[in-house]
Amino acid sequence: MRRHIAAGALILCAVLGVWSNTLGNGFVWDDHLYILNNPLLREASNIRHLLDPAFYTSSPWVLAGHRPVFLASLFLDRSVWGFDPSGYHLTNLFLHASNSLWVYALAWLMTSCLPAALLAGLLFGLHPVTTEAVNGVCFRSDLLAAFFVFAGLWTHLKLRGRSRAPLAAAIVAALFGLGLLSKEMAASLPLLILLAEAYFPLPQGRPSRLAWAAGMLLAAAVLYAAFWAPRFQYAGITEPARASGPASSPAPAAKATAAPIPEPGQRSFFSRSSPESTLLNSKTSFRVWTMAVAFSEYVKLMVFPAPLVVDRSPGLFPALDLRVGVALAVLAVLLLYAVVLRSVHPLSAFGAAWFFASLLPVSGIVPLYNPVAERYLYLTAAGACWAMGSGLALLARAARPWALPAASALASVLLLGFGLATRARNDDWRNDRTLFLSSPLAVQTSRASFIRGNLLRQDGRLDMASREYIEALRSDPLFAEAWLNLGMAHADAGNAKAADACYRKAAALKPDNPVFLFGHALFLSARGDKAGAISRYREALAQDPSYVQAWVNLGALLRDQGRLKEAASCFEKALALAPFDPVAAYSYGLLLEKRGKARQAVKLYRRALASDPGYAPAKRRVEAAERRRPGRP
């Protein structure tokens, strides 16, 4: 027991020492969407919805609603830390440290070789390929899924010789369900259990044990499928983000689902443009060749984790060529290694087999919006670390005088190299700018270029922003959001003709999404084309009558044109949809004040301040009304 405590303490110290700089990082990438802009997390008490059985039997469209364990973890952080990112990163770090201990515990359980188990736990804890999953709070689902997969496999192996097959199977099935409710990557657990039975056999009671396990796991999978099927959306659907500035402001708004930092006037529709990688779905052979190359790249990242990039692109390979042939050869050698060395070096061979089994959910059998990602390798990294740890331990035990020094040197180089690379990569995740503007550009998607363009535009670097949007469109000419934001960049630079063409292109590509019509209307209003802006707002509202910002902005234009009755109708509809929206209340107040109804206007200004005490325009109007009151000095 003491040696396990010492090994565990060493792993924890190494993990905490290398990863400590993550605690100073902020929210990045989709953290803004899942945490800061998630309506469900605005109140910590909303966790009650996850405790209501109706949540699991009905079909609510909730952001990440098909991953309630992940959501519950965010709620717990929200209740403890509020919106302080360091607390969320601490939770991720705790989960990663726990998973590193699981990797150690499983290696020991399978081989009883302390050096191999310790090296595997250390390598997993420090491996740079896990930085995406650990640094992105929005990717915590990978950490949770891995935790329950490890726990399920350990439970199966630990209890399989104790004549408690029904109990063990029930516990494993429960852990399997929790893993699936964290992320779909946990679907590989049944196959991983079969592999463990094959590589580390225990014939006693095997038929009964596997029968119980299969039955329980199948029941858990069926229940999960019934829960998952009506809920699954790529990003879910949530209520619109409230505008944070005057609705009649001419500043265009970017689409919330694609921009890493929200801007005033955004609305979330979550009907993103499909990435260029959707071509993978056009032909089976196309997907096979492409994913073969992607998987060979995964193999390389396990051994030499560089370059690490955000939003990795798979590259597209429509035909069998030299690169595809090399990739297939690499995978064939790895598979052969897993088969041939099964009886000679079981843990090392099991690690190779784990590579294929753990990646099955993201292999392309089921088409994915993001076909490749470094976070997909979080669970897979365990197999690579078992293989490397076992190999180094075997080398150390070889009957050669140089074997132990060589193994020690290799282990030291790996651990030191991994630790330094991980700590450096953690610094890249400090914020969106360090992540997207400092990462290598080579193998990233059009979406990464788009986000870089957004960040550069926010910094006022319009020429560079335009180049990034153009690069995104070179990769994916159907990227409507890139056309929209390229239009914004041209508008900011004063190139109205080019901006108008981009806005129209975006709206034509997404005729059923009012966000693009809304953006064009803002542009037209800013350049003085009020009639064109009114027409575009009406088109947007025809698409979605619940679009609060469009009602408010249309009302403001009509008010400024003196069409007060029509404007009042727009504001009333906006307030009916969002009774406490401060922009709607303030805008309607201006109309009432213009019509001489000062008292009613002040009531609306106060309503705006009740919703947003820092809303300066409403505050100034209330203060002005107070000064005009009779008896005031």
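This is a short dialogue on how to read the predicted model shown above.

Colleague: What should I know about the numbering and the atoms before I begin?

Modeller: Residues are numbered from 1 along each chain as its sequence is written, and side-chain values use heavy atoms, with hydrogens and water left out. Because the model is predicted, local features need pLDDT of at least 70 and side-chain atom pairs count only at pLDDT 80 or more, while totals for chains, interfaces and linings use all residues.

Colleague: What is the mean pLDDT of the chain?

Modeller: pLDDT is the predictor's confidence in each residue, from 0 to 100; the chain has a mean of 88, and 91% of its residues reach 70 or more.

Colleague: Over which residues does pLDDT stay under 50?

Modeller: Where pLDDT is low, the predicted coordinates should not be read in detail. That applies to residues 234-271, where pLDDT stays under 50, although the model has 121 contacts (heavy atoms within 4.5 Å) beyond four places in sequence for them.

Colleague: How many helices and strands does the chain have?

Modeller: Both are DSSP runs numbered from the N terminus, helices being H or I over at least four residues and strands E over at least two; the chain comes to 28 helices and 0 strands.

Colleague: What does the radius of gyration say about the chain?

Modeller: The radius is taken over C-alpha atoms, and the globule rule is 2.2 Å times the number of residues to the power 0.38. For 633 residues a compact globule would have a radius near 26 Å, so the 28 Å of the chain agrees.
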